[in-house]
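User: I would like to go through this model by question and answer. Please keep it brisk.

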Amino acid sequence: MALEVEINGTTDPAARYLTFAPSPCRIRQDPAAGDLAVTLRSRRAQPAGGDVLFFATPTSSSTATLDLTLPANGDPVNFWTAGKWGNPSCDDGDCLLVAESAEGETTVPLMVRVRKNANTLKCRERDRFLEAFKLLNNGGNGVFQDFRDMHVSQSGEEAHRGPHFLPWHRSYLLDLERQLQLIDPAVSLHYWRFDEPAPHLLDPDFIGATEQVPEHFPGTQSGRPVAFRPGHPLAGWVTDGTPGILRTAFFDTQTEAAPGLLTTVDPPFPLIDQTSTLALGSVYGQFRAMEGTPHGAAHVSFGGPISAVPTAAKDPLFFMLHSNVDRLWALWQWIEDRTNPSDPSSYEGSDRDGRRVGDTMWPWNNVTGNLTPQNPRPPFAPRGQFGLTSSPAAMAPGTTPTVGSMVDSQGHQATTSQLGFGYDDVPFENPGGPMP
Amino acid sequence: MSNEEYYQRIREYRKKIELERDAARAAAEAAPAEVAADPVELALTRLADPEETREARAASLQHLKALSFSSETFSDWLPRFLEGLRSASRSDHAGLRELAFEALIAYGSREDQQSLIDGLADPEAALVSPAVALRLLSQDPHAPAREVARSLADTATDPETRLESLRVLASDPESVDRFAGILADPGEATDARTLAATALGSLDRARLRSVAAEMEQATEAVSEAREDVDVDVEAHLNSLLDLPE
């Protein structure tokens, strides 16, 4: 007898994607003569598949198995499930939720889908990521151009140079990632760990072999076309009607981390590493200094469009750079317990539209024009009529996200707040439930 | 792994990060990083000063680019930044000029786009090499560079200059026939043919499919051993043909 299992509020397979944060689930039997005892457990469908854990309530500690009693009248029983940290999926459906009873077992294929270090991806993960990006770009005729158009000179203040920098970019990445997932739901926006060498990322099989040029003279330093292997999905990349990805690097991309500016600027403007980033401070007002370094330093470790705000989003590496910026924020939030948008230690805004915790954000709010001299908005709003892309795997944040809706990405304050993404090295810890 | 072991692992991971963080904080407090009193003002002054060394001006340019990502007063100093870039773009050093033009074009300076175009028409007036000028101009499809690019695509003897002129024309609907011809010509260089394929796919995908079909037939008719096939072009074409209409 098959049991009906809902993941993320639906039996739709499109919702069967989990992070390390608890997702709401329900299970029921068809009306029967008596109650049915079931045990939930996780089983890998492939040797390197994902694993999940179970929660009786969203604040209880997780367990590897969960015993439930399904009422005879067919009423559903709630439970929560989440990916087991350290065991994310590699492929769609490589993790099975198994419901065992005296009558047999029902299995539901799932994916523990999180953003990973791009330098360590398996080839098939890399290739499906690239294929999705290729289709999103669609030779210059795809939806990607809208995302490029969101990050231009006129929108610079909407996204940068203030406390809204991190929430705006989290929303931006989430929107783009969900568009990628409309193409391939198994894809995540993997990150470039810029404070470590990434030889498998900056190569002809991934984001392009990037010529090294000196930071200092002599040598030309503007961007040059990166090299891809023949037939690479991104070899036909087009933005603003122009083919190719222009990028040069001021470091050896095979052996060195992104440096920032070291040899020419006095004092140097180095890219600070993860530990130093986390050490910037324990409150948001201190932590957000990371917009300068490592964020800005990562951008200017290159020549080419990625090194300037108006043109950076032409380069697909930009999105992986920002995925790492966002990961650092998520990691800091976990370590410092900063997930409450009402707490200034978690987010402290400023008095300008798009920067207060309750404000909606351009372009998703479709607000344009110079409303007041103190609160100008760009004269355009790419995709503003659509709002932020929805996902069957998460209820939040809706089509017009607020700044505050980006703060509790794992749903610590309310499980309904979780945004449906996570990082391979950022665990979930219950917000105060008992820990074994 | 038991539940207890799982949570112990998380606790140990947390502890490791916290220890490293605390050590970094202590080190930063013990030896604070040197910060210039007003790094923006210092860099703006140096960038704009033609008496400064090219190294100092280039360093200031890079520093200002880095600060542009986070400086909350950026909109206030942007005009001076652009003035400094314009000054640097007229310096005696080619590398500094190239850096400056790259930034000016990124910020959408029409005046400096025209300077590059003027340099393409009159080499005596050129401030950067033709290939660099074309590559920078290609980043804006609205730059009025198509006429000069068409001329150079026909006449340039330097392969890099010709390739970059084709890049400028990639958004030009009047260049569809040109790209179709380059793609179908096995005598053209691989990089020109692959760029032509990409441009054609962006401008007129149906035409790309038509050219690809003709190339397939021509290959089958001429060479069973496929010795004349440029496999790199073929691989690129196959990737583009996967794209939807």
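The turns below cover the chain contact, the aromatic pairs, the backbone and the buried parts of this predicted model.

User: How many residues does the contact take from chain B and from chain A?
Analyst: The model is predicted, and totals for interfaces use all residues. The contact draws on both chains. Chain A gives 80 residues and chain B gives 65 residues.

User: What area do chain B and chain A bury between them?
Analyst: The size of an interface is often given as the accessible area lost when the parts come together. Here, 59% of that area lies on carbon and sulfur atoms. The total buried between chain B and chain A is about 6,100 Å².

User: Which residue of chain B meets A:Glu336 in a salt bridge?
Analyst: The rule finds six salt bridges across the interface of chain B and chain A. In the one with A:Glu336, the N to O distance is 2.8 Å. That falls within the 4 Å cut-off for a salt bridge. The partner of A:Glu336 is B:Arg21.

User: Which element gives the largest share of the side of chain B that touches chain A?
Analyst: Across the interface, 24 residue pairs are in polar contact, both at pLDDT 80 or more. On the chain B side, the elements giving two or more residues include α1 (3-30), α3 (54-68) and α11 (190-203). The largest share is 15 residues, and it comes from α1(B).

User: How do the residues of the side of chain B that touches chain A divide into nonpolar, polar and charged?
Analyst: Each residue is sorted by its type. On the side of chain B that touches chain A, 17 are polar and 23 are charged. The nonpolar residues there number 25.

User: What kind of aromatic pair do A:Trp168 and A:Trp364 form?
Analyst: Over all chains the count comes to 31 aromatic pairs. In this one, the centres are 5.5 Å apart and the planes are at 45 degrees. Planes under 30 degrees apart would count as stacked and over 60 as edge-to-face. The pair of A:Trp168 and A:Trp364 is therefore tilted.

User: How many residues apart are A:Trp168 and A:Trp364?
Analyst: A:Trp168 lies in helix α4 (residues 165-183) of chain A. A:Trp364 lies in the loop between α8 (317-336) and β17 (370-372) of chain A. Both residues are buried. The pair links distant parts of the chain, 196 residues apart.

User: Why is the pair of B:Phe74 and B:Trp77 classed as it is?
Analyst: Both residues lie in helix α4 of chain B, three residues apart, about one turn of the helix. Both are buried. Their ring centres are 5.0 Å apart and their planes are at 85 degrees, so the pair is edge-to-face.

User: Where does A:Pro363 lie?
Analyst: The peptide bond from A:Trp362 to A:Pro363 is cis, with omega near 5 degrees. Another cis bond runs from A:Thr293 to A:Pro294, with omega near 20 degrees. A:Pro294 is in helix α7 (residues 292-299) of chain A. A:Pro363 is in the loop between α8 and β17 of chain A.

User: Is A:Arg161 buried or exposed?
Analyst: A:Arg161 has a positive phi, near 65 degrees, and is not glycine. Its place is the loop between α3 (156-159) and α4 of chain A. The relative accessible area is 3%, and the cut-off for burial is under 20%. A:Arg161 is therefore buried.

User: What is the relative accessible area of A:Arg383?
Analyst: A:Arg383 is found in the segment after β18 (375-376) of chain A. Phi of A:Arg383 is positive, near 65 degrees. The residue is buried, with a relative accessible area of 10%.

User: How far apart in space are A:Ile245 and A:Ala227?
Analyst: A:Ile245 lies in the loop between β12 (242-243) and β13 (248-249) of chain A. It counts as buried at 4% relative accessibility. Beyond its neighbours within four places in sequence, its contacts include A:Val226, A:Phe228 and A:Trp237. A:Ala227 is 18 residues from A:Ile245 in sequence, and the C-alpha to C-alpha distance is 8.8 Å.

User: How many residues of α7(A) are buried?
Analyst: The buried residues of α7(A) include A:Thr293, A:Pro294 and A:His295. This helix is largely enclosed by the rest of the structure, because its buried residues number eight of the eight.

Terms used
Residues numbered from 1 in each chain as written. Chains lettered and ligands numbered in written order. Predicted model: local features only at pLDDT ≥ 70, side-chain atom pairs only at ≥ 80, totals over all residues. Heavy atoms only, no water. Contact = heavy atoms within 4.5 Å. Buried area = accessible area lost by both parts, 1.4 Å probe. Salt bridge = Lys/Arg side-chain N within 4 Å of Asp/Glu carboxyl O. Polar contact = N/O pair within 3.5 Å; in protein donor to acceptor, adjacent residues only side chain to side chain. Helix = DSSP H or I, 4+ residues; strand = E, 2+ residues; numbered from the N terminus. Nonpolar A, V, L, I, M, F, W, Y, C, P; charged D, E, K, R; others polar. Phe/Tyr/Trp six-rings, centres within 6.5 Å; stacked < 30°, edge-to-face > 60°. Buried < 20%, exposed > 50% of the residue type's maximum accessible area, 1.4 Å probe, protein only.
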